[in-house]
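Thanks for coming. I will take a few minutes to walk through one model, starting with a helix and then moving to the other chain.

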Amino acid sequence: MDPKRRVTLKVLGATLGAGAFARALAPIWDWGKEQSLDEFLQKHYQELSKADLEQILRRLEAKTEKEYGKKVSIRDVRPQEGVEFGYALNLSVCIGCRRCAEACHIENNHDRSTNNSYIRVLEMKQGSLDLEHGNADYDHAVPAEGKFYLPVQCQQCDNAPCVDVCPVQATWKESDGIVVVDYNWCIGCRYCEAACPYHARRFNWKKPEIPADEVNPDQAYLSNRIRPQGVVEKCTFCLHRTREGKLPACLEACPTGARVFGNLLDPDSDIRWVLENKRVFILKEELGTRPRFFYFFDG
Amino acid sequence: MSYPPVINRPEKLTSVETPKKDALGRPIRVACVTCHSLRPDAPLPQSAGELREFHEGLRFTHGTLTCASCHVPGRVDQLSMADGRTIEMLDVIELCSQCHGQKRRAFDRGAHGGMMGYWDSSRGPKLRHNCVDCHDPHTPAFAGGQPVLRPNDRGLRQGGGH
C-alpha cells in the first residue's frame, strides 16, 4: 500500500469518527440549548427554599411567554390542612360523551395534536369489568346499546406503584392524597408509566403544541403548567383549583352529574355521603393499590 | 362563614326566547304572562297534540302524566302539587321531588345533577343545576349524542395495538 493511500484512509477514518462522535453527542448539545444553567442546577421541589421557588416560577413564566406567546401565572399551591381528597363516579349515569376528557385537555394545557387528556373513557361490555377489553377509541353516538362507560384517570393510590418505582423520586404522594410529579426532576424513564395498573400516566413524546389563545394561564408548578418534552405527567385532581376550594374541571364539565368530589375527612361532605350510602368499588382491588377514586352504580 | 349552595332558577320557566336580539346581542325574552294575562283562560288540553301557537309541536313522553298533573289552568306562573297546593313555577324542583325522591336525596348530597364552583363551602358556593336545566320536563329522558375529543394516540387505536 503506498503511503499516500494510507494517509488518505487515516484522515477519512478520523473524519468519520469525529463526525459520528459529534452526531452521538448532538442530543446533549441540543438539550443544552433548550435548558439554561439555572434549570440544569435546579434542586428537587421538596428541597427548594421559598426564595428559590419564587425565582423558578418567574423563570418558568418568562419561558412560557417566550415559547407560547401568552402571559401566564405559575403558582406553588400547597395542600390544605385537614383535607384529603376523594373522588367518586356514578357509572349508572355516565354516557361516555368524553366531556370530562375534553375539559381536562383544555384545563391542563395538553398537546393539541394528540388530543391528550388525563382521562380515558373506556367503552365496556355490560356485565364485564375487564379494563383490558375496554375500548377508548369509540366514535359513534353514545350511549350505545349493551355498553357502559368507564372513565379512568389517576386513582391517587395510597399505595402507589408509580411512586415506588421512580428511580429519582421525581413523583410522590402529598398530604392531601394527590400524587404529583416534579416535571423538572423527572428523567423520563417511564418506569412509573409501566408500573401504573390504570394506564393513568402520560409521556410527553414531543413538546406540547398549544395556540397562544388556548393556553390556560392559571397554572401551578405541580399541575397544569406546560410540561417540557421527555417527562411524564398525570392527573393531579386539578390541584391548582381544588387546593383553593374549587371543583376539578372534569367534574364541572360532566353533563350528567356522574362525578362527586370532596374532602374525605369532612363527615358532611358529598364524597362521604356517597361512600356511606352507595355500594362503591375500586378498580383492580386485588392489587392492593388503595385508590382514592371510587365507582358506583345507582340502586 | 359558609356559602350555601346556589340553585339555578332558569329563565325558561317564566319566559320564552324570541328571535330578536337586544343591544348586547342577547336574545330578547318575553314573559309567559305577556300573552296569558291578555287572553281568557282556556281549559288545559287532553294531550300535547292539541297545543297551538307557542306550544305547538311540544313532544310529551313523561309516563302517564297529563297537563293538569303539573299545570294550573289560568296560572302560568304556578305549578300544581299532588296534594292540591300550588307553588311558584320557579320552585319546580319541589314538584319533581314528589315522585323522584331518590334522585332528590342524591341531589341534596351532591350525588345527582352535577355542579360548578366550590367543593369547600368556606371559600365559595356550589352552583347547582336545576332539574329542568338537564331534563326537559315534558321529555325528561337524558338524550345522548356524539362524543367529543376522540383520542389521537396510536396506542389506543383498535387493532393497532400490540
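Before the helix, one cut-off: a residue counts as buried if 20 or more other C-beta atoms lie within 10 Å of its own. Please also keep in mind that this is a predicted model.

With that cut-off, look at helix α4 of chain A, residues 99-107. Seven of its nine residues are buried, so the helix is largely enclosed by the rest of the structure. Which residues of α4(A) are the buried ones? They are A:Arg99, A:Cys100, A:Ala101, A:Ala103, A:Cys104, A:His105 and A:Glu107. The cover over them includes two strands, β3 (120-125) and β4 (147-152), and the helix α8 (249-253), which belong to chain A. After α4(A) comes A:Asn109, with a positive phi, near 50°.

Two of those helix residues come back in the core. The largest nonpolar core has 74 residues, and those with the most contacts inside it are A:Ala88, A:Cys100, A:Cys104 and A:Cys250. What does A:Cys250 touch, if we set aside its neighbours within four places in sequence? The contacts are A:Cys100, A:Ala103, A:Cys104, A:Ile119 and A:Arg259. A second core is separate from the first; it has five residues, among them B:Cys70, B:Leu79, B:Leu95 and B:Cys96.

Staying in chain A for a moment, strand β10 covers residues 259-263, and five of its five residues are buried. Strand β2 of chain A, residues 85-90, pairs with β10(A) in the antiparallel sense, over five bridges. One of the bridge pairs is A:Phe85 with A:Asn263.

Now chain B. DSSP gives it five helices and eight strands. Read from the N terminus, the order of elements is β-β-β-α-α-β-β-β-α-α-β-β-α.

How does the radius of gyration of chain B stand against that of a compact globule? A compact globule of 162 residues would come near 15 Å, whereas chain B has 20 Å. Along the principal axes, the C-alpha atoms of chain B fill a box of roughly 70 × 45 × 45 Å. Of the 162 residues, 12% count as buried. Taking contacts in chain B with a separation of 6 or more, 44% are between residues 24 or more positions apart.

There are two small sheets to point out in chain B. One is an open sheet of three strands with antiparallel pairing, in the order β4-β5-β6. The edges are β4 (71-72) and β6 (86-88), each with a single partner strand, so one side of each is left without a neighbour in the sheet. Strand β5(B), residues 75-80, is joined to β6(B) by three antiparallel bridges. Within that pairing, B:Leu79 stands opposite B:Ile87, and B:Leu79 is also one of the residues of the second core.

The other is an open sheet of three strands in the order β1-β8-β7, and its pairing is mixed. Here the edge strands are β1 (6-7) and β7 (115-117), each pairing on one side only. β1(B) runs parallel to β8(B), residues 126-128, and two bridges join them. B:Val6 has B:Leu127 as its bridge partner.

Last, the contact between the chains. It takes 29 residues from chain B and 34 residues from chain A. On the chain B side, β7(B) gives the most, with three residues. By type, that side divides into 12 nonpolar, 11 polar and six charged residues.

Technical notes:
Residues are numbered from 1 along each chain as its sequence is written. Chains are lettered from A and ligands numbered from 1 in the order in which they are written. This is a predicted model: local features need pLDDT of at least 70, side-chain atom pairs count only at pLDDT 80 or more; totals for chains, interfaces and linings use all residues. Two strands pair if DSSP finds at least two bridges between them. Helices (H or I, at least four residues) and strands (E, at least two) are DSSP runs, numbered from the N terminus. Two residues are in contact if their C-beta atoms, placed from the backbone, lie within 7 Å. The radius of gyration is taken over C-alpha atoms; the globule rule is 2.2 Å times the number of residues to the power 0.38. Ala, Val, Leu, Ile, Met, Phe, Trp, Tyr, Cys and Pro count as nonpolar, Asp, Glu, Lys and Arg as charged, and the others, Gly among them, as polar. A nonpolar core is a set of buried Ala, Val, Leu, Ile, Met, Phe, Trp, Tyr and Cys residues joined through C-beta atoms within 7 Å.
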